[in-house]
Amino acid sequence: MRKLSKLFMLLSALSFAIPALAQGTAASAPVNWVAIAAGFSMAFASGICALAQGKATAAAAEGLARNPAARPGIQLALILGLALIESLALYTLVIIFAKVK
Amino acid sequence: MPEQLWFTEILNRLFGGAVTALLRSLSIEPKHPGAPITNAFAMELLVFSLLLILFLLVRSRLSVESPGGLQHLFEGVEGFIQSQSNEVIGHHSEAYTPFLAALGLFILSSNLIGLIPGFESPTAVPVVPLGCALCAFVYYQTQGFKHAGIGYLKHFAGPMPALAPLMILIELISHLARVLSLTIRLYANMFAGDMVTLVVFSLLPLIFPVAFLGLHIFVSLLQTYIFVLLTTVYLQGAVGEEH
C-alpha cells in the first residue's frame, strides 16, 4: 500500500510536465543552446571547484592542527593552492562572457 | 563618443588631438577619433603618477634617526616581499625585490582605485592584466638568461636528452600558459567582482552592497599577493639552483 502510494505520488509529479506537449511542433524562436550550456557548465565548474577547495582547506587545517609550528609553510601552500583552483573555475566564467551574447 | 570618466575626459580634451595624430602616424586608426585615450589607459596613467608622487615623497623623507610613518610602511612592504622571495628563491633574492614590489604596488593600486566613485579599475579590462603578465614573463626569462647565460635553455629540455624534443614542446606551451593563467586570473577576479557588485546594487541598493565592497577589497589584496607569489615561483624556476 505504501509502495503504491509512493508510485502514484511519483506519477502525479511527472504529470506536471504535460503542458510541454501543448507547444506543438512550431518553433517560435530558436532555442539559445549556448546560454543553456553556459549555465550548466558554470554550475559544474563552481561545484567541482568548491569540492577541491574544501579538500585543500581540510588538509591544511589538519596539518596545522598536527604541527602548529609549520604555520608559515602551510599557510603559503594553502593560499597558493586555493588561488590556483579558483582560477580554473574563473576560466569557465571568462569563456561564458566571451561566447554568450 | 564612448562613455568617459571625468579624468579621461580631461585627458582627451588636453591631449586627444596629439594622441590621434601620433596613432595615425603609426597607421593605427583609433576607434573613436574624438576620444583616443580609453578609460583603462587614463586610469593606468593616474595610478602610475600617484605611485610616482608617493615614491618621490617617501624618498625625500628618508631618515635613519627618525623614520616617519610612510617610511615604516614602505619598509614593511619591502620586508614582506624580501622575506617571501627569500623563502621561495633562497639566496641572493634581494635583486628581484624592486621589480616584485613595483609590480605588486601597481596591481594593488589599480585594483583598489575601482572602489572610489568616479574611477574604475584598469585591471577590469583584459589588456591591463595581460600587460602585467607579459612584464613578469619577460622579467623572469631575462633573469634566467642573465643567471645562466645560454645554458638557461637547458631548463626547457627536461631531465633526459632523449626526451628533449617532446619536453621542449611541453615546456614552451606551459610557459605560455603561465602568461595566460596570470592574465585571466587577475582579469576574471576583477571583472567578476564588478559584475557581482552591479547585480547586488540593482537588487538591494541600500546597506548590503557594503559587504560586497569589502569582498572586493579582500579579493584585490589576495589577487595581488597571488600574482607576486606566482612571479616569485616562476623566478625560482628560472634562476633557482639545486645544490
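Reader: Which residues does Leu182(B) touch, leaving aside those up to four places away in sequence?

Author: Leu182(B) touches Ala133(B), Ala136(B), Phe227(B) and Leu230(B), with residues up to four places away in sequence not counted; a contact here requires C-beta atoms, placed from the backbone, within 7 Å of each other. This is a predicted model, in which local features need pLDDT of at least 70 and side-chain atom pairs pLDDT 80 or more, while totals for chains, interfaces and linings use all residues. Residues are numbered from 1 along each chain as its sequence is written, and chains are lettered from A and ligands numbered from 1 in the order written.

Reader: What makes up the largest nonpolar core, and which residues have the most contacts inside it?

Author: The largest nonpolar core has 38 residues, and those with the most contacts inside it are Leu182(B), Tyr187(B), Ala188(B), Phe227(B), Leu230(B) and Leu235(B). Such a core is a set of buried Ala, Val, Leu, Ile, Met, Phe, Trp, Tyr and Cys residues joined through C-beta atoms within 7 Å. Two or more residues of this core come from each of helix 3 (71-99) of chain A and, in chain B, helix 2 (39-60), helix 4 (97-112), helix 5 (127-148), helix 6 (164-203) and helix 7 (209-239). Helix 7 of chain B supplies the largest share, nine residues.

Reader: Why is this core placed where it is with respect to the domains of chain B?

Author: Both domain 1 (1-37) and domain 2 (39-239) of chain B give residues to this core, so it lies between them; the bounds come from an automatic or database assignment. The centres of the two domains of chain B, taken over C-alpha atoms, are separated by 28 Å, and their contact takes seven residues from domain 1 and seven residues from domain 2.

Reader: How many helices and strands are there in chain A, and in chain B?

Author: Chain A has three helices and zero strands, and chain B has seven helices and zero strands, where helices (H or I, at least four residues) and strands (E, at least two) are DSSP runs numbered from the N terminus.

Reader: What makes chain A spread out or compact?

Author: Its radius of gyration over C-alpha atoms is 23 Å, well over the 13 Å that the globule rule gives for 101 residues (2.2 Å times the number of residues to the power 0.38), so chain A is more spread out than a compact globule. Its C-alpha trace spans about 65 × 50 × 10 Å along the principal axes, whereas the C-alpha atoms of chain B fill a box of roughly 60 × 55 × 40 Å.

Reader: Which residues of helix 3 of chain A are called buried, and what do they pack against?

Author: Glu86(A), Ser87(A), Ala89(A), Leu90(A) and Leu93(A) are the buried residues of helix 3 of chain A, meaning that 20 or more other C-beta atoms lie within 10 Å of their own (exposed is 12 or fewer, partly exposed in between, with C-beta atoms placed from the backbone). These buried residues pack against helix 2 (33-66) of chain A together with helix 6 of chain B. By that cut-off, 5% of the 101 residues of chain A count as buried, and 26% of the 243 residues in chain B.

Reader: How many residues does each chain give to the contact between chain A and chain B?

Author: Chain A gives seven residues to this contact and chain B gives nine residues. Within chain B, among contacts between residues at least 6 apart in sequence, 63% join residues at least 24 apart.

Technical notes: Two residues are in contact if their C-beta atoms, placed from the backbone, lie within 7 Å.
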